[in-house]
Structures are given as structure tokens and as C-alpha cells.
Amino acid sequence: MEDQSSTSAPSIDPFKLLKIVQNPDGSLTRQSLFPSVSITEEESTGSNASQLAFFKDIPLNPQNKTFIRLYRPPTPPPNTNHRLPLLIHFHGGGFIVFSATSRPFHDACSVKAVKLPAVVLSLEYRLAPEYRLPAAYDDAVETIMWVRDQAMDVNGCDPWLKEYVDFSKCFLIGSSAGGNMVFHAALRALDIDTSPVKIIGLIMNQPYFSGVERTESEKRFVNDRILPLPANDLMWSLALPEGADRDHEFCNPMTAHGFLKEKMGRLTRCLVTGHGGDPLIDKQRELVKVLEARGVDVVAEFAEGGCHGIEIFDPLKAEALLKSIKEFVDTCCRCVNYESAAAKSTL
């Protein structure tokens, strides 16, 4: 990317950049930046020849118009001792745009299902400003509870989950705003009895955090082509609760004190990835430091260059990210297997 190290105020219209129009009632008209993949594409292919993984949509909360897109690899596990991990995925988009059905997120989930392999559950959550935060976090927690009910066979378990999934090996995963959702959903899940579901890993790719005080990377990339400051500020102004600024805990949890600070130390193992060319890189590094200071086991992978959401535009970066995720998932699953074997040996 070209040098964007300027602190001058950029003449960027964030509404045009994000392809959104704010209506008189405060809602948004969104002009899609990416095409959507409908469930009819799965149904029309029959053999699923054009897709890596099988997928289907399942209603979550009809009142909120939320649903789950579930992906599975075409070949089932060889036996019950080799069930697959479950990845609960939250898409990016600054909380205001995109969908679980948007082509880049759909394709990425499909690839993960086959290449990890895993069952991937992608949430269609409510967007701001029609539904400001914490609505997306509420939807994320509702998804975790739905998975728990499936594992407990409450009113029946989805056949794909029943045949494929090891509910003791669940992960929360997301990029950008989805990475922010991973963090906050995991904190909320600490207060819930999710058993027999066990969340054993958190995967935050370029997680979306900010603050009132500008970081050096935000100032350095003020004119960033992907995430310039005016667009970043607009998204937070539309997503945060009315009257909140960017030091609200949803946006800047690194400044948290008291109970929230204590809860962070109880989070499970984390993978945090980022790129030096992302305006948010300083906040992502700060997140890692805060988590490590609280005793959380963090795998931090920060590459030089790049940009926010680079895996969408660069296949090689997408491949590298997939490799990092696979290594993290495999390591966490091996730890579970070891602990389970150790527990049995003491009986």
C-alpha cells in the first residue's frame, strides 16, 4: 500500500466509502459491497460441486430475524472418537454492514470447514444503528446457548451437530468487529453454565477496538484506503449506545477496571492476529499486553505491512491466516485430549 503517514484531516466521505445512506429515522440503507450467497445456491447444486462444504441456514431468533449458517465438510468423521471441533463465527463490518451470507465470509467459513476440518457456525446478527450494541453481543450469547441446548439434546439435536461435533472443543472466532464480538461474548459466557459445551479457544483476527485518544497507528494511517479515521469514527458513532464515546468498554475495554478487569483474567487461550499496515494495530497490541498482564495464555501473531481485512483481498494472506488458525485449533484440541486421557488414568 502507498505511504499514508499523514495527520491532516482527510477529505473522505465515510458514507460514500461504506456505501451507506442514513435515513430520516436513523436507520441505514446499505448498498452491498459484496454479493451474498443464498441458501438456494446450495440447494440448486445438489451434489454441492461448486462449494467446498455443505451448508444450511437454521433460524435462531425469528423475532430478531437472526439465523445461523452451518457448514460441515463433505465427509463425516470416521468414528465417534474423531469428532470435529465447532467454530462459532462472527463476521466483520464495523457492526453496521455485511452479513454472514456475504461472499468473503461465506467462502472463508466453507474453506475452514474443509481444511481444518471443523463444523463452522456463522451467526447472522443484528446490525447497528437499528440495533446498537450490545445487541450483537446478545445475539452471540444466544448462539452459544443454542449450541448448549443442541449438545444437551433439548428438543432434539441438529443431525449435523450430532454426527460431526465434539462439544468439548468449541471456539469463538471472528475478524474485525467479529473479533470484538469474540472478546465480549467470551466475557459474558464466563457467567453462564455452558456445559457440556466447552469454549477452549478464542480467535480474534484484527479485532476492532479503538478509544478517544488516537493511537500512533491511527494517526499514521489517517488516510487509510480500507479504514480511514472518518469511517472508523462513523462506525463507532453508529454502533455504540446513544451518548457513549469511544472509551466505552465495548470499544476500549483495555481501560477497564474492577470486575471487568478481573473477568479478563479468566478468559481461555487466545489467538490474536494483526498486520502492521492496519490503523488498528496499536490497539490490538495493547489488547495482547492487557490479556497477558492478567495471566491469559495468548498467541500473538503480528505481520509487517498488509492492511485491515487483507485476507479478503490477498489469497496468500488468507492461506497464512488459515494455517495459523489450524495450528491454534489443533494445539487446543490436543490439550483437551491430553487432559481427558490424564483424568481417565487417575480413575
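This is a short working chat about the predicted model shown above.

Me: What kind of model is this, and what are the ground rules?
Reply: The model is predicted, so local features need pLDDT of at least 70, side-chain atom pairs count only at pLDDT 80 or more, and totals for chains, interfaces and linings use all residues. Residues are numbered from 1 along each chain as its sequence is written, and side-chain values use heavy atoms, with hydrogens and water left out.

Me: Which strand order does the open sheet have?
Reply: The open sheet has 8 strands in the order β3-β4-β6-β5-β7-β8-β9-β10, with mixed pairing. Strands are DSSP E runs of at least two residues; helices are H or I runs of at least four, and both are numbered from the N terminus. Two strands pair if DSSP finds at least two bridges between them.

Me: Which strands stand at the edges?
Reply: β3 (54–61) and β10 (298–303). Each has a single partner strand, so one side of each lacks a neighbour in the sheet. From one strand to the next, the twist averages 20 degrees.

Me: In which sense do β3 and β4 pair?
Reply: Antiparallel, over 7 bridges, with β4 covering residues 66–72. P59 has F67 in β4 as its bridge partner.

Me: Which strands does α3 touch?
Reply: Helix α3 (103–115) packs on the sheet and touches β3, β4, β5 (84–90), β6 and β7 (165–175). Contact means heavy atoms within 4.5 Å. The direction of α3 makes about 40 degrees with that of β4. Axes are lines fitted to C-alpha atoms, for helices over the stretch in contact, and angles run from 0 to 180 degrees between N-to-C directions.

Me: New topic. Where does R132 lie?
Reply: In the loop between β6 (119–124) and α4 (135–151).

Me: Which residues does R132 touch?
Reply: Leaving out residues up to four places away in sequence, R132 touches S237, L238, A239, L240, P241 and E242. The R132 side chain reaches the backbone oxygen of L240 at 2.6 Å. A polar atom of that side chain lies 3.2 Å from the backbone oxygen of L238.

Me: How many disulfides are there?
Reply: A search of the whole structure finds 0. A disulfide is a pair of cysteine sulfur atoms within 2.5 Å.

Me: Why is C335 not bonded to C332?
Reply: Because the sulfur of C335 is 6.4 Å from that of C332, its closest cysteine sulfur, too far for a bond.

Me: And how far is C109 from the closest cysteine sulfur?
Reply: The sulfur of C109 is 15 Å from the one in C170, also too far for a bond.

Note on methods
Polar contact = N/O pair within 3.5 Å; in protein donor to acceptor, adjacent residues only side chain to side chain.
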